[in-house]
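I sat down with this structure today and kept short notes on what I looked up. Here they are, in the order I made them.

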Amino acid sequence: MKVGDIISWEKVVTVEEVQAFTELSGDSGVHHVIPDELGRLTVQGLLTATLPTKIGGDFNVLASHMTFHFLRPVFTGDSIQCDVQIETYNEISDSRIEIEATFTCKNQLDKVVLNGSFAGIIKDKRV
């Protein structure tokens with residue numbers, strides 16, 4: 001991994017995931033539990049925010065802070081692609097790396113639904 005690298009992940013958000021997140025988080029706003037006129041549920045913002053955190057988890061990032069900018073709604077059935085770009089990658093010791101990254105999540109219509117950043121450390125150099 002180095003500065004400038006872009007790591008991507010894409011997934012389709014399902015009704016079952018929204019229902020499970022509703023139960024887990026308690027975020028049961030009517031838009032998360034009653035389908036709209038097209039039969040879709042609105043996905044919780046923090047469920048959408050798990051896309052960049054999944055990528056961070058793949059690389060053992062222990063985040064110290066994250067920022068999220070929710071720009072448009074995400075609905076069940078949407079395919080969301082998350083691109084994480086490495087902005088800073090500093091080895092501070094044999095077992096610790098400081099990392100900063102930005103991310104953009106787009107839906108299947110190529111519309112940005114979420115962007116932001118995260119920073120933290122990687123405690124294992126094997127990435």
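I began with the aromatic rings, counting rings of Phe, Tyr and Trp (its six-membered ring) as a pair if their centres lie within 6.5 Å, with planes under 30 degrees apart called stacked, over 60 edge-to-face and the rest tilted. This is a predicted model, so local features need pLDDT of at least 70 and side-chain atom pairs count only at pLDDT 80 or more, while totals for chains, interfaces and linings use all residues. Residues are numbered from 1 along each chain as its sequence is written, and side-chain values use heavy atoms, with hydrogens and water left out.

**Aromatic rings**

I found two aromatic pairs. Phe68 and Phe70 are stacked, at 6.0 Å centre to centre with 25° between the planes. Phe68 and Phe103 are tilted, at 5.8 Å and 50°. This second pair links distant parts of the chain, with Phe68 in strand β2 and Phe103 in strand β4, 35 residues apart. I took helices (H or I, at least four residues) and strands (E, at least two) as DSSP runs, numbered from the N terminus. Together, Phe68, Phe70 and Phe103 make one aromatic cluster.

Which of these rings is buried or exposed? I used under 20% relative accessible area for buried, over 50% for exposed and partly exposed in between (1.4 Å probe, protein chains only). Phe103 is buried at 3%, whereas Phe68 is partly exposed at 25% and Phe70 is partly exposed at 44%.

**Core**

Next I looked up the largest nonpolar core, meaning buried Ala, Val, Leu, Ile, Met, Phe, Trp, Tyr and Cys residues joined through side-chain atoms within 4.5 Å. It has 26 residues, and Phe103 is among those with the most contacts inside it, as are Val13 and Ile80. The elements giving two or more residues to this core are α1 (15-25), α4 (50-58), β3 (79-93), β4 (96-106) and β5 (112-122).

I then followed Val13, taking contact as heavy atoms within 4.5 Å. Leaving aside neighbours within four places in sequence, Val13 is in contact with residues including Val18, Val43, Thr76 and Ile80. Thr76 sits in the loop between β2 (61-70) and β3, and counts as buried because its relative accessible area is 10%. Beyond residues up to four places away in sequence, Thr76 touches Val13, Thr14, Val15, Val18, Arg40, Leu41 and Val43.
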